[in-house]
Amino acid sequence: MAQPGSASLKEQRYDRQLRLWGDHGQEALESAHVCVINATATGTEILKNLVLPGIGSFTIVDGNRVSGEDVGNNFFLQKSHIGQNRAQSATELLQELNNDVSGNFVEESPEKLLDNDPSFFNRFNLVVATQLPESTLLRLAELLWNSNVPLLVCRTYGLVGYMRVIIKEHTVVESHPDNMLEDLRLDKQFPELREHIQSYDLDHMDKKDHSHTPWIVIVAKYLTKWFSEKSDQLPKSYKEKEAFRQLIRQGILKNENGTPEDEENFEEAIKNVNTALNTTEIPRCIEEIFNDDCCINITEQSPSFWILARAVKEFVANEGQGSLPVRGTIPDMIADSNKFIKLQNVYREKAKKDIAAVGNHAAKLLQSLGKAPESISERELKLLCSNSAFLRVVRCRSLSEEYGLNTFNKDEIISHMDNPDSEVVLYLMLRAVDRFYKQHGRYPGVYNYQVEDDIGKLKSCLTGFLQEHVLSVVVKDDYVHEFCRYGAAEPHAIAAFMGGAAAQEVIKVITGQFVIFNNTYIYSGMSQTSATFQL
């Protein structure tokens, strides 16, 4: 049983992140088990950024012993650890960051585990692979792809950072868009809203009531006037919106001298014209979800996301009359409490009504599939309805598709090569470096005396890769020289940056909130720029 006050202690500790992803996001994080392969500087930086926000448990897989080089670039390994197992040493120090997190380690190489116990990796919510050779990575990616376990590949190579998300399908209910417009439905007023707005008579009100009428009501009132006097269309152009603002200005009360009174609610209405008059329509990405095979052909195996998406689609076609469920929230505004609460309740009640209607469609769908109605919780239903305009589905390509000669995304690479310093060049160099490793059993320029000799060898690896993939692109010699000078080093500054970025993606996958990138991310420490590519 939880100790009294433990919840508030947790709230204090995690206050900032709870504001980002809420209690349910934190619950998902705390019940997750993540596997990180290799306790390198990159691996431990990723874990640091998962342990601090309270990931449930982690397991490090690493058969290597701690070397002097490890101690030089990894804050979670000390001089006294040299010669000891790297997974165990890093686990001990990482656990000190957060007592609520359970840390485990496996003193074995990923190659051995893939040979002897491949099902080991299926027990995790997500696997993070850092600094893995290409052959091992391809085997692991194939295994996890077939088992539907998300994989995040993260790599630091000199001043270059690389990430690749490999997940068949990732559905997002709470995408938290940056520029979210309010769902006010002033252009398509539902009966309860229309009735509430009609209850206001701006022409026969005392001064106090007039200056405390919510701006939503003011805009709606003058919109009716606009439709009857000016046009049957919403004001769209700058000129029309300016004319509409002028119409509202004329409604401001005047004193006995004919000077307009200081009515902040009217000023607020004028200020919000731009955002309040957005057309109520179904976003294109939601139309795409409705037309997706997974939404059209619901089966017993369909996740709740697709069943609910289908229920929303049926709501739109019926009760919604072509619109999504009402979100049910309004912004804060200048108004007296009574008027504000009444208006707020109009939207809230309509949202509840819409949620119930979507729930009925979902119950019928579940019944037709022979599933219990309670297999979708009330919380899931409410969450999806209030976010129905922001749903996202991300589908990544498998690593074998990316690496296949006939299936790699040639167009994506060529389209970015107009710029000879595009981040995609760094991707090509990483592929050439892996080819070098395959041929020579080591990375180029690991020791100073090898750098000069390895320049030619790496250049031929790059040429071979480009020819094999029929890529008629030119990579400057400077990049070949630079990658030889890197000597496969893992500078802590780059590892720390990549650790923060990778942990962020892990949290997005686990919580099902915010949108993951699709599917490759490259960071250049030289120019301090980054880019994403669909490879």
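So, how exposed is Val446? Val446 comes out as partly exposed, with a relative accessible area of 39%. Keep in mind that this is a predicted model we're looking at. You'll find Val446 in the loop that runs between α21 (424-440) and α22 (451-468). It has company there: together with Tyr447 and Tyr449, Val446 makes a nonpolar patch on the surface, and the three share about 370 Å² of accessible area.

Okay, let me zoom out for the overall picture. We have 24 helices and ten strands in this protein. Put a box around the C-alpha atoms along the principal axes and you get roughly 90 × 60 × 50 Å. Of the 535 residues, 51% are buried. The protein exposes about 25,800 Å², and carbon and sulfur atoms supply 47% of that area. As for contacts, take those between residues at least 6 apart in sequence: 69% of them join residues at least 24 apart.

Now for the inside. Which residues have the most contacts within the largest nonpolar core? They are Phe121, Val127, Leu140, Leu428 and Phe483, in a core of 59 residues. Helix α21 gives the largest share of this core, with ten residues. There's also another core lying apart from it, with 43 residues, including Ala32, Ala87, Met498 and Val509.

Let me stay with Leu140 for a second. Skipping anything up to four places away in sequence, Leu140 touches Ile37, Leu114, Phe121, Val127, Ala129, Leu132 and Leu151. Then look at Leu143, in helix α7 (residues 134-147). With the same sequence neighbours (up to four places) left out, Leu143 touches Leu114, Pro118 and Phe121. So Leu114 and Phe121 turn up among the contacts of Leu140 and also among those of Leu143. That fits a general point about helices: an α-helix has 3.6 residues a turn, so residues three or four places apart point the same way. And if you want a distance to check on screen, the C-alpha atoms of Leu143 and Asn122 are separated by 8.7 Å, with their positions 21 residues apart along the chain.

Next, helix α10, residues 215-229. Does the length add up, or rather, what span should its 15 residues have? At 1.5 Å a residue, the answer is 21 Å, and the end C-alpha atoms of α10 are 21 Å apart, so the two agree. Quite a list of α10 residues is buried: Trp215, Ile216, Val217, Ile218, Val219, Ala220, Tyr222, Leu223 and Trp226. What do those buried residues pack against? Their partners are α8 (191-198), α11 (238-249), α12 (264-271), α13 (273-276) and α17 (337-368).

On to charges. As a reminder, side chains of opposite charge can pair when their charged atoms come close. Across the whole structure, a search turns up 28 salt bridges. One of them joins the side chains of Arg155 and Asp434, at 2.8 Å from N to O. Arg155 sits in strand β5 (residues 151-157) and Asp434 in helix α21, so this pair ties together parts that are 279 residues apart in sequence. Both Arg155 and Asp434 are buried.

Helix α21 has another one. The side chains of Glu468 and Arg435 meet in a salt bridge at 2.9 Å, N to O. Glu468 belongs to helix α22 and Arg435 to helix α21, so here the parts tied together are 33 residues apart in sequence. Glu468 counts as partly exposed at 41% relative accessibility, and Arg435 is partly exposed too, at 22%.

Then there's Asp477 with Lys459, whose closest N and O atoms are 2.9 Å apart. This pair links Asp477 in helix α23 (residues 477-486) to Lys459 in helix α22, 18 residues apart. Asp477 is partly exposed at 37% relative accessibility, and Lys459 is also partly exposed at 37%.

Last stop: salt bridges with shared partners join Asp62, Asp70 and Arg86 into one network. Arg86 lies in helix α5 (residues 86-95). Is Arg86 buried or exposed? At 8% relative accessibility, Arg86 counts as buried, the cut-off being under 20%. Beyond its neighbours within four places in sequence, Arg86 is in contact with Asn38, Ala39, Thr40, Asp62, Asn64, Arg65, Val66, Asp70 and Leu77. Both acidic partners from that network, Asp62 and Asp70, are in that contact list.

How values were computed:
Residues are numbered from 1 along each chain as its sequence is written. This is a predicted model: local features need pLDDT of at least 70, side-chain atom pairs count only at pLDDT 80 or more; totals for chains, interfaces and linings use all residues. Side-chain values use heavy atoms; hydrogens and water are left out. Patches are made of residues with over 30% relative accessible area and no salt bridge: like charges are joined within 9 Å, nonpolar side chains (Val, Leu, Ile, Met, Phe, Trp, Tyr) within 5 Å. Accessible areas come from the Shrake-Rupley method with a 1.4 Å probe; for residues, only the protein chains shown count as cover. A salt bridge is a side-chain nitrogen of Lys or Arg within 4 Å of a carboxyl oxygen of Asp or Glu. Helices (H or I, at least four residues) and strands (E, at least two) are DSSP runs, numbered from the N terminus. Buried means under 20% relative accessible area, exposed over 50%, partly exposed in between (1.4 Å probe, protein chains only). The expected span of a helix is 1.5 Å times one less than its number of residues. Contact means heavy atoms within 4.5 Å. A nonpolar core is a set of buried Ala, Val, Leu, Ile, Met, Phe, Trp, Tyr and Cys residues joined through side-chain atoms within 4.5 Å.
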